[in-house]
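Here are my notes on the model you sent over. I went through it chain by chain, and the points below are in the order I'd look at them.

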Amino acid sequence: MELLEFDYPSAVRHVTRKAHVGVVGSGDMEVLMEPAEKEGAHVSIRTSVNGFGASWKAVLDRFFARYDGAVRIHINDAGATPGSVMLRLEQAVEVIER
Amino acid sequence: MSTTIAAPAFVNRHSFIELDARARAQSLMDPGSWRELVGPFDRIESPWLPLQGIAPQSDDGCVVLKGTIAAAPSVVIALEGGFQAGSMGEVSGAKMTAALDLATQDSQKGKKTTAVLLLETGGVRLQEANLGLAAIAEVMASMLVLREHAPIITVIAGTVGCFGGLALAAGLSSYIVMTREARLGMNGPEVIEQESGIEEFDASDRGLIWAINGGEQRVAMGVADELVLDDAQEIAAAVQSYVKAGLPQVHRSQQVELYRRRIAALDTSGQIDPLTLRQSWNNKSREEGKR
């Protein structure tokens, strides 16, 4: 298991809602997205699969290139592929921005 | 020119199996009536899984919703089959037990509260060993108290099914609703094959597995009450009808003498086939099994 953390200080738009999507099942993950306590976005990841920090960073960089909400994201991961990670993040945004 | 292709009915069916535990629980309750107890943002998760290199889930795979079903006070407790095969750990067990005990307390104060268990589980979470076993004992003890006051309705929809200790818990419930896709059994097929050999049970033979553990067989032999389609509306309607029916005259697990007689009467000189068991145990055609 590995713990990863990332900060995106430029995501400063205030959000008010919470979202919980996904299941920590094989090849899937859960996302808890909620308003950040401090300025900017913060992401913490707990994954059962070690050694993919660069892939996580690439997916999150791309996600925060388009999304500007000041959110705190926590991910519990059981081996979601980068495509699934992006879909789950977008699904959480759909809930939070609804 | 236009052509209309009539879609078969199953295309428009709202699958229950495809829903996750939370959505399943929500689909059974009166809209707007429910709130979640100890939800994912409370982050009460397993302390044992991370120690073993396994990512936990923020609700430990157990969803508890309090609200009403058919306007009657109810609690729905749903296990998430996608997370660690719906297995029962220390935290998910404590959530289930506490929810049942709260329903008992409310019932004792005059607010009769029905419990609905959505069991999608392989039983004890092996990574939590004795704590999981203890949790199942607590769940069963709490069920025995609650069912003095209000019915406990178990729904096994699939596709994990309900095995191990929680199959025993299912046996304590007032009513069991199953789909054709669901399975109910003590030891799972892989466990039997591993322990007793492929001659005893071939875990790759899906026909054999469903003929023995499948919902159709379990309902036909009288150890479950109703066979439903994998349809969220149909399952909700079945649950509502049992909420309205209230407590059965006698719980199945109290019919000790009936099942002793039946087991004693089985001809074990040859392999018993599932169809024969159906015919001899079918409660609907035999007065003795009615409750």
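In what order do the strands of the open sheet in chain A run, and is the pairing mixed? Keep in mind while reading that this is a predicted model.

1. The chain A sheet. The order is β1-β4-β5-β3-β2, which makes an open sheet of 5 strands with mixed pairing. At the edges you'll find β1 (2-8) and β2 (19-22) of chain A; each has a single partner strand, so one side of each has no neighbour in the sheet. From one strand to the next, the twist averages 10°.

2. The β2/β3 pairing in chain A. β2(A) pairs with β3 (residues 29-35) of chain A in the antiparallel sense, over 4 bridges. If you want to check the register by eye, A:Val21 has A:Val31 as its bridge partner in β3(A). A:Ala19 sits opposite A:Met33, and A:Gly22 faces A:Glu30. The hairpin that β2(A) and β3(A) form has 6 residues between the strands, and A:Gly27 has a positive phi there, near 75°.

3. The other side of β3(A). Here the partner is β5 (residues 71-77) of chain A, again in the antiparallel sense, with 7 bridges. One pair to click on is A:Glu34, which stands opposite A:Arg72 in β5(A). Is β3(A) largely enclosed or left open? It is largely enclosed by the rest of the structure, because 5 of its 7 residues are buried.

4. Helices on the chain A sheet. Helix α1 (residues 53-66) of chain A lies across β1 and β4 (41-47) of chain A, at about 30° to β1(A). Helix α2 (residues 82-96) of chain A also packs on the sheet, where it touches β2 and β3 of chain A, and its direction makes about 145° with that of β2(A).

5. The chain B sheet. This one is an open sheet of 7 strands, with mixed pairing and the order β1-β2-β3-β4-β5-β6-β7. Its edge strands are β1 (35-37) and β7 (226-228) of chain B, each pairing on one side only. Ignoring direction, neighbouring strands are turned by 25° against each other on average. Within the sheet, β2(B) and β3(B) are antiparallel over 8 bridges; for the register, B:Leu65 has B:Val76 as its bridge partner in β3(B). On top of that, α3(B) lies across β1, β2, β3 and β4 (114-118) of chain B, running at about 170° to β3(B).

6. Helix α4 in chain B. It covers residues 129-146, 18 residues in total, and spans 26 Å from first C-alpha to last, close to the 26 Å expected at 1.5 Å a residue. Which residues of α4(B) are buried? They are B:Gly132, B:Ala135, B:Ile136, B:Val139, B:Ser142, B:Met143 and B:Leu146. These cover an arc of only 130° around the axis, so they end up on the same side of α4(B). As general background, an α-helix has 3.6 residues a turn, so residues three or four places apart point the same way. The cover over the buried residues of α4(B) includes α3, β4, β5 and α5 of chain B.

7. Backbone spots to look at in chain B. Two residues other than glycine have positive phi: B:Ala71, near 70°, and B:Gln84, near 50°. B:Ala71 is in the loop between β2 (62-69) and β3 (72-79) of chain B, whereas B:Gln84 is in the loop between β3 and α3 (90-108) of that chain. Their surroundings are worth a look too. B:Ala71 has 11 other C-beta atoms within 10 Å, and because the cut-off for exposed is 12 or fewer, it counts as exposed. B:Gln84 has 28 within 10 Å, and because 20 or more means buried, it counts as buried. Separately, the peptide bond from B:Gly158 to B:Thr159 is cis, with omega near 10°. B:Thr159 belongs to the loop between β5 (152-156) and α5 (165-172) of chain B.

8. Where the chains touch. The contact takes 13 residues from chain B and 16 residues from chain A. On the chain B side, these are 7 nonpolar, 4 polar and 2 charged residues.

Technical notes
Residues are numbered from 1 along each chain as its sequence is written. Chains are lettered from A and ligands numbered from 1 in the order in which they are written. This is a predicted model: local features need pLDDT of at least 70, side-chain atom pairs count only at pLDDT 80 or more; totals for chains, interfaces and linings use all residues. Helices (H or I, at least four residues) and strands (E, at least two) are DSSP runs, numbered from the N terminus. Two residues are in contact if their C-beta atoms, placed from the backbone, lie within 7 Å. Ala, Val, Leu, Ile, Met, Phe, Trp, Tyr, Cys and Pro count as nonpolar, Asp, Glu, Lys and Arg as charged, and the others, Gly among them, as polar. Two strands pair if DSSP finds at least two bridges between them. Axes are lines fitted to C-alpha atoms, for helices over the stretch in contact, and angles run from 0 to 180 degrees between N-to-C directions. The expected span of a helix is 1.5 Å times one less than its number of residues. The arc is that of the directions from the helix axis to the C-beta atoms.
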